[in-house]
Amino acid sequence: MSSPAAPGRVVIVGASLAGLRAAETLRREGFRGELTLIGDEPHEPYDRPPLSKQVLAGRASPAHTALVRAPDLEATWLLGEPAAALDPHTRTVTLAGGREIGYDRLLIATGTRARPWPAAEEAALDGVFTLRGRDDAERLRAALAAGPRRVLVIGGGFTGSEIASVCRELGLPVTLAERGPAPLSGALGAAAGSVAARMQRAHGVDLRANTTVMALEGDGSGRLRAAYLSDGDVVEVDVAVVALGAVRNTEWLAGSGLAADARGVVCDAACRAFDADAVVTDDVYVAGDVARWPHPHYDGLLLAVEHWDNAVRQAETAAANLLREPPAPLRPHRGLPAFWSYQFGVNIKSVGLPTIADEVVVTQGAVADGRFVAAYGRQGRTVAAVAVDSPRWLPAYAGFVAANLPFPPDLHASDAPDPLRPVPAGLALDDRATHSPTAAVTGDGPTASDRSTHRDPRSPLTAPPL
Amino acid sequence: MRVLVDLNRCLSYGQCVFAAPSVFRFHGAESLEYDYAPGRALAEEVRHAAAACPVQAITYAEEPSGE
């Protein structure tokens, strides 16, 4: 791979899971040139999934989730200072402090950050938290360990639900407010969300579905004291965790001419970035949570996927393509979205894209037993599956989704309900959930716009009390 | 040392829990948790756990790599 035309300098902006795996792939594929990783956090790359689970529960230290990495990376790490601008014509990245870094090929893996509470003065109250990074986890863990009277979780997506689960494990009273009809409904639909709702209530969560938090109130010394809910209730809380989903880190690309906006950076299936004229570049690549790309399995619609597995595989594909010299073929990134979550003592795994489904059916096991698999269908084809405490069944369903098999799938499973009862999946919710789905279709072509499509998380769907 | 499990690949067979019970454990029936930074004395157990994993989801590094 070290041909004369091979790039001399590769810069990776983003030093988390995708950035690290891309760097390792570059070296493994024979890249011998200068390799620089730029990261906004001061820490070396660490694993984020445990932060809302065992780290928060106090079973693991936030300082002990560093990622295994190749020992011979020979990279320059510029940590603790974010990239602030990109000029693709001079091939220069400018850091927040003004330092300029030149490149021959660039990989953008800047990921996401937690969506903040929209009222800045309320967000600044002592006791109001978000959870995305290691430092967030450290602070929230200390607040939970101090034994608050009650914790409020704003948003019932996967992160919010996992945090509520940890609170109950710690014996803390917790209220979870979700604008949608049920927790997880934005990602898995209202039908599956109703199972999550029953699970949360069975574990003692004060679940307020179809409800928003309209205001947070502090006491005289700036400490969080109470939350005003759209159902008219005022809840006294010491800790509020804002779990409204993610914001893509694309502001630094404003003015770069790339197809980058609040929805992410558009790239092709080979991970090459598009510019705002919908022309694909040949020296800028994208991977991980910040990417949107046309997925051949989903009619070429642009997917944005905030999953661990996608970060790893898209980074590997981007890095291999970044080094490729014609006529070597480009590799497509076309794996199915897949993720896992642990909450309320159960393991939830998913494959495919539940958000596009119109129907869902329990295909194995029984909801009442707490172990089951549900398949999702769209227009008679299987598009996704979710397994609750049944992980070993899921690879078979990944095969059904990949092969576009009919829905409901004909399994002949000994533990299948008879007859199968498909129900509406409850996913056509148009941004009604307070949280955002972690894998979703985000449009159908490479454009850049300044439209913000996100609904204010305080606005309830019905009239609030005066 | 450092340990990382690809929990997407993990199917909760639990062979690692048998091989290295002080590093890997179940939290609930099917949810694997593990120590990301076990002491060097556990290296042999971790190697056995990685070899025993039916879906090869476990990676490890004997030394933390500092740069």
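**Exercise 1.** Work out how many residues of chain A are in contact with how many of chain B, and what area is buried between the two chains.

*Solution.* Counting contacts, that is, heavy atoms within 4.5 Å, gives 34 residues of chain A against 27 residues of chain B in this predicted model, where local features need pLDDT (the predictor's confidence in each residue, from 0 to 100) of at least 70, side-chain atom pairs count only at pLDDT 80 or more, and totals for chains, interfaces and linings use all residues. Residues are numbered from 1 along each chain as its sequence is written, chains are lettered from A and ligands numbered from 1 in the order in which they are written, and side-chain values use heavy atoms, with hydrogens and water left out. The buried area, which is the accessible area (1.4 Å probe) that two parts lose on being put together, summed over both, is about 2,600 Å², and carbon and sulfur atoms give 49% of it. On the side of chain A, Val68(A), Tyr342(A) and Arg392(A) lose the most area to chain B, together 24% of what that side buries.

**Exercise 2.** Find how many salt bridges cross the interface of chain A and chain B, and describe one that involves Arg392(A).

*Solution.* Taking a salt bridge as a side-chain nitrogen of Lys or Arg within 4 Å of a carboxyl oxygen of Asp or Glu, the rule finds 4 across this interface. In one salt bridge, the side chain of Arg392(A) meets that of Glu30(B) at 3.1 Å, N to O.
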